[in-house]
Amino acid sequence: MILSLENISKIYNGNTILDNVALTIEDNDRIGLIGVNGCGKSTLLRIITGLEEYESQPEPNVPQLAITKKATVGFLQQNTGLDRNSTIIEEMTSVFRPLLDVQEKMRQLEQEMARPEVHDDKKRFAEISAEYDRQTAYFESQDGYLINVKIRTVLNGMDFPPERDNMIISSLSGGEKTRLALAKLLLENPSLLILDEPTNHLDFNTIVWLEDYLQSYKGALLIVSHDRYFLDKLTTSICEIEHGHLKRYKGNYTAYTVQKEADTVRQMKEYEAQQEEIAKLEDFVARNLVRATTSSMAKSRIKKLESMELIEKPAGPEKKAKIRFEYDIVPPLDILSVKDIDVSVGKGADRKTLVEHLSFDVRRGDKLGIIGSNGIGKSTLLKILCKQLPITHGKTEWTKNIKLSYFDQENSILDFNNTVMEEIHKRRPTMTDGQVRSLLGLVRITGENVYKQVGVISGGERAKLCFAVMMLERGNVLVLDEPTNHLDMATKEVLEEALCSYDGTIIFVSHDRYILNKLATRIMDITEDGAEMFECGFEEYMDIKTKRKEEAEKAALQEKMQKEKQEAEERGAKAFRSKEQRAKDAKRRQRIKELEAEIDRLEAEMAALQQEMASPEVCTDYQLMHQKCDEFEQLKSLSAEYSDEWLMLSEEE
């Protein structure tokens, strides 16, 4: 066990945020912490990490927070805690300072043992040698020789290439500092890693890398996230905070949704059954308490009512937004033709071309998902398609009867000085205040919020206002730039349902793999090498990318082995061989062939095992997934041993 909470409560301004919360975190737990905005998730994280105090309570609800003595807790805060004056590589290296001190001690001992006067003094030499052995054993046990490998792996994964190692941290953007702080936290490798919205500020490739990295993380994970794909991939239990109470569900986020629905139905049935029983008992008491012949029976009913443990009525689901996109004009089959355009940013001498000679077509009913790393030109491409930016090369041609409705992640279609009501009125002056409020009510902008300035309301509310505008526009082509940013899970689900039921054409940019998986019928992947169109959904796209990566790695390994084999043969051909040497060489070559066959066999088994691990049957079964991961690690370890032996034999003269 790493951590245990019991009877933890928190009250703000008379409102109970957490009510006698209990939670136990074991060594290898993978927990997703969810709940509506303001439910107390961040408060609970701050209590766990000692940044906030909990309420003191008398018996029997005495609060307890216990953390195992040797356990460490890592928490990524908004204040990153980085040394602004350090370079990136200095900050990452600082994580291993105690271990590097041991390495420096080893070097000093080596120099000491090399001194003639120490070498000739057997007693002194033995003492220093023993100390050197102790320091070396500790250094090796802590993977000291892998420090640089660990740093490079994490920095590359978090999109900090080697050429940026010497950049001063103060020169980084806010998002880059957050990514770097996360990289440092991963290198610190705490027993319990707490991540609050870790996929914010990460692009698509970095999110995928982080998922893979965390899947093999040896400590426990406590994750707050609105990224359902991320939660599904990593978590083995979900803790929901609702009305101040915490309840834990087994399985990932998808499993939670099924259990939650069943739980609510069961609790409502139990509540209704109890209410029916209470009504019968109260009716019996009312009719029989004053009668002498039945008074004792009525009193027994009263006692039963008084001793009854009341079942709480399940809180009804919060009202969800009602989003529906419709259009009036059915366009032709061919919607858009893009021919040989360049996607560029900046002006004049500062102009930079991100994508060259891009061509593609869009047909009626297509759901085109555009993905790629941050800054690669996705949003710029959408602005070019919507004619908000000029084309410097090539052309875009929309067919007739097209009505675009554009969602910009920066909400540039809104006037931040207008009130919410005014934003609707300026588009539909004939609408009454009541009609405008009804429209805004559909997207859950209600009460006094309708009179607030657009610049004052939250990012999520501005996104909902944009959806209300789009419903008015009735476009037959929707162009969406990160539409799920700033939305809570409930609104995300409503938006996804609206988009999936929309039979018009959608061109959208998103890092949200859940909506990509549900919505996209085609994928455009934009990289530094250009854009590639995949005529399939997101899952099929991921399978293709994974297969390509495996094939590239296998080809690179085979090329390396072939090159080393050829070099070894050339070296061997130049050397004089005795009869004994030739026999030894023949045996060595035979062993090399055996090793090559074994390595090929292991590679095939690992590839097959990876396919099994990607199947829904394995992904949803934690124990089976754990077993498959162990099998994969065993095969990987054996393959590495054979590869090392092959390399050693190949290098022999």
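Is the crossing of helix 6 and helix 7 right-handed or left-handed? In this predicted model, the two helices cross in the right-handed sense. Helix 6 comprises residues 147-157 and helix 7 comprises residues 174-188; their axes come within 10 Å and cross at roughly 145 degrees. On the side of helix 6, the contact is made by Lys 150, Ile 151, Val 154 and Leu 155. Helix 7 contributes Leu 180, Ala 183, Leu 186 and Leu 187. Classified by residue type, this contact contains seven nonpolar residues, one charged residue and no polar residues. The charged participant is Lys 150 of helix 6.

Two open sheets were examined next. In the N-terminal part of the numbering, three strands are arranged in the order 2-1-4, with antiparallel pairing. Strand 2 (15-25) and strand 4 (64-67) form the edges of this sheet, each pairing on one side only. Neighbouring strands are turned against each other by 25 degrees on average, direction ignored. Strand 1, spanning residues 3-12, pairs with strand 2 in the antiparallel sense over seven bridges. Within this pairing, Ile 11 has Thr 16 of strand 2 as its bridge partner. Helix 1 (residues 41-48) packs on the sheet and touches strand 1, strand 2 and strand 4. The direction of helix 1 makes about 125 degrees with that of strand 1.

The other sheet is likewise open and consists of three strands, in the order 11-10-13, again with antiparallel pairing. Its edges are strand 11 (352-363) and strand 13 (395-398), and each of these pairs on one side only. From one strand to the next, the twist averages 15 degrees. Strand 10 covers residues 334-345 and is joined to strand 11 by eight bridges in the antiparallel sense. Leu 336 is placed opposite Val 362, a residue of strand 11. A helix also accompanies this sheet: helix 12 (residues 378-385) lies across strand 10, strand 11 and strand 13. Helix 12 runs at about 125 degrees to strand 10.

The arrangements of the two sheets may be set side by side. Strand 1 lies between strand 2 and strand 4 in the order 2-1-4, and strand 10 lies between strand 11 and strand 13 in the order 11-10-13. An angle of about 125 degrees is found between helix 1 and strand 1, and an angle of about 125 degrees is found between helix 12 and strand 10.

Note on methods
Residues numbered from 1 in each chain as written. Predicted model: local features only at pLDDT ≥ 70, side-chain atom pairs only at ≥ 80, totals over all residues. Heavy atoms only, no water. Axes fitted to C-alpha atoms, helices over the stretch in contact; angles between N-to-C directions. Helix = DSSP H or I, 4+ residues; strand = E, 2+ residues; numbered from the N terminus. Left-handed = near helix turned anticlockwise from the far one by under 90°. Contact = heavy atoms within 4.5 Å. Pairing = 2+ DSSP bridges.
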